[in-house]
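This report goes through sheets, strand pairing, salt bridges and cysteines in turn. Please keep the sequence and the structure at hand while reading.

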Amino acid sequence: MKPEQLAKLPAVLFEIGKLVGSDLDPGILLSRIAELVCQLIGAKACSVMLLDAERKRLLAKAAYGLRTERLHTLSFAVGEGVAGWVVERGEPALIADVDKDSRFVALPANQTPIASMLCVPLLARGERVGVVTATSDHINAFHPDDMELVRFISTTIALDIENVRLHRVAVTDPLTGAYNREFLQQRLPQEIEAAIDRDRPLSVALIDVDHFKAVNDQYGHGIGDVVLAEVARRLRSAIRGGDLLVRYGGEEFLAVLPKADAGRAWEVGERMRQRVCERAFDVGDGLALLLRISVGIAQWRIGETMPDLIERADEALYGAKQRGRNRVEVAP
């Protein structure tokens, strides 16, 4: 191991320990770990891929240093490419020149130049759950010591990553990727307690997709599901780092907004509204659909229970509907 790597390693491991023990979104957590790997071994890019529920494909969950690839399109079948080879066998791969290795598959949309790479399996409880891949735009960029370092880090984080993934599956709505009602029942009381203990504001936003029944009636539930998943993605892109998006039911979502008073929550609600309606939704056959949302905001009041808080947000949402939809209303 190089002296500079040895000097950095304790700090990197300490940072990783803090990350896996935090409440960060798994994507943010894994992206930060990918960044730390790049810093430690001098890689240009690093990605973390996990096996899907059927254990047939690797799906990219986070990356650092990639140029213009759309992360969610990065995917390999087990056995396909270097990553698929590694997860199939549970063995690492160190490639000095990808042009001379038959396992390497160049992705057509890939904008990040790759000349050399290393890839190690993520093993949790003896099971292969994913891979960590580091790449460089120079040949012979990595030494066996670099691979051993990444293997060591992967071994350290694999069980935590799998636990995070399993927990996320248990509390996540499978269609939209938003948290589910069960998670809300656990988490919102905790946020209320935190608001009391730290004397800070807390608000919720109840969001309803306007006239969504017409989408299902006209285009079918299959298209409706695709559209709803994209609505959730746009809502997530509009909320802040510590906010939580919950699928509350049907086409209704609820955002938990810690540290937000009614004014700040209105700003978040307005940003969500704009994100949803800023461009059309593709519904196939060259057709595009414009959607709108209505949002009801309520700031938690001292002594208020969780059902009371949500009911006031629902009343504000009803007010938004009554006033013509496509607007954000705040409960008195």
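## Terms and model

Buried means under 20% relative accessible area, exposed means over 50%, and partly exposed lies in between. The model is predicted.

## The six-stranded sheet

One open sheet has six strands in the order β3-β2-β1-β6-β5-β4, and the pairing is antiparallel. Its edge strands are β3 (75–77) and β4 (93–95), each of which pairs on one side only. From one strand to the next, the twist averages 20°. At the β4 edge, β4 pairs with strand β5 (residues 116–124) in the antiparallel sense over three bridges. In this pairing I95 stands opposite M117 in β5.

Two helices are in contact with these strands. Helix α2 (residues 26–41) packs on the sheet and touches β1 (45–51), β2 (57–64), β5 and β6 (127–136). The direction of α2 makes about 70° with that of β2. Helix α3 (residues 81–89) lies across β1, β2, β3, β4, β5 and β6, and runs at about 145° to β6.

## Strand β9 and its partners

Strand β9 (residues 252–258) pairs with two other strands, β7 and β8. With strand β7 (residues 202–209) the pairing is antiparallel over seven bridges, and D208 has E252 of β9 as its bridge partner. With strand β8 (residues 244–249) the pairing is also antiparallel, over five bridges, and here L245 has A255 of β9 as its bridge partner. The hairpin of β8 and β9 has two residues between the strands, and G250 in this hairpin takes a positive phi near 55°.

How many of the residues of β9 are buried? The count is seven of seven. In a regular strand, side chains alternate between the two faces of the sheet. In β9 both faces are covered: E252, L254, V256 and P258 are buried on one side, and F253, A255 and L257 are buried on the other.

## Salt bridges

The whole structure contains 23 salt bridges. One of them joins the side chains of E88 and R89, with an N to O distance of 2.9 Å. E88 has 37% relative accessibility and R89 has 41%. Both values fall between the 20% and 50% limits, so E88 and R89 count as partly exposed.

R234 forms a salt bridge with E230, with the closest N and O atoms 2.9 Å apart. The two residues are four apart in helix α7 (residues 221–238), which means that about one helical turn separates R234 and E230. R234 has a relative accessible area of 3% and is therefore buried. Both residues belong to a network of salt bridges that links E230, R233, R234, E278 and R279.

A further salt bridge connects the side chains of R312 and E304, at 2.6 Å from N to O. R312 and E304 are both buried.

## Cysteines

How many disulfides does the structure hold? The number is zero. C46 is in no disulfide, and the nearest cysteine sulfur, that of C38, is 5.1 Å away. A disulfide requires the two sulfur atoms to be within 2.5 Å, so this pair does not qualify. C46 has 1% relative accessibility and counts as buried.

Key:
Residues are numbered from 1 along each chain as its sequence is written. This is a predicted model: local features need pLDDT of at least 70, side-chain atom pairs count only at pLDDT 80 or more; totals for chains, interfaces and linings use all residues. Side-chain values use heavy atoms; hydrogens and water are left out. A salt bridge is a side-chain nitrogen of Lys or Arg within 4 Å of a carboxyl oxygen of Asp or Glu. Buried means under 20% relative accessible area, exposed over 50%, partly exposed in between (1.4 Å probe, protein chains only). Two strands pair if DSSP finds at least two bridges between them. Axes are lines fitted to C-alpha atoms, for helices over the stretch in contact, and angles run from 0 to 180 degrees between N-to-C directions. Contact means heavy atoms within 4.5 Å.
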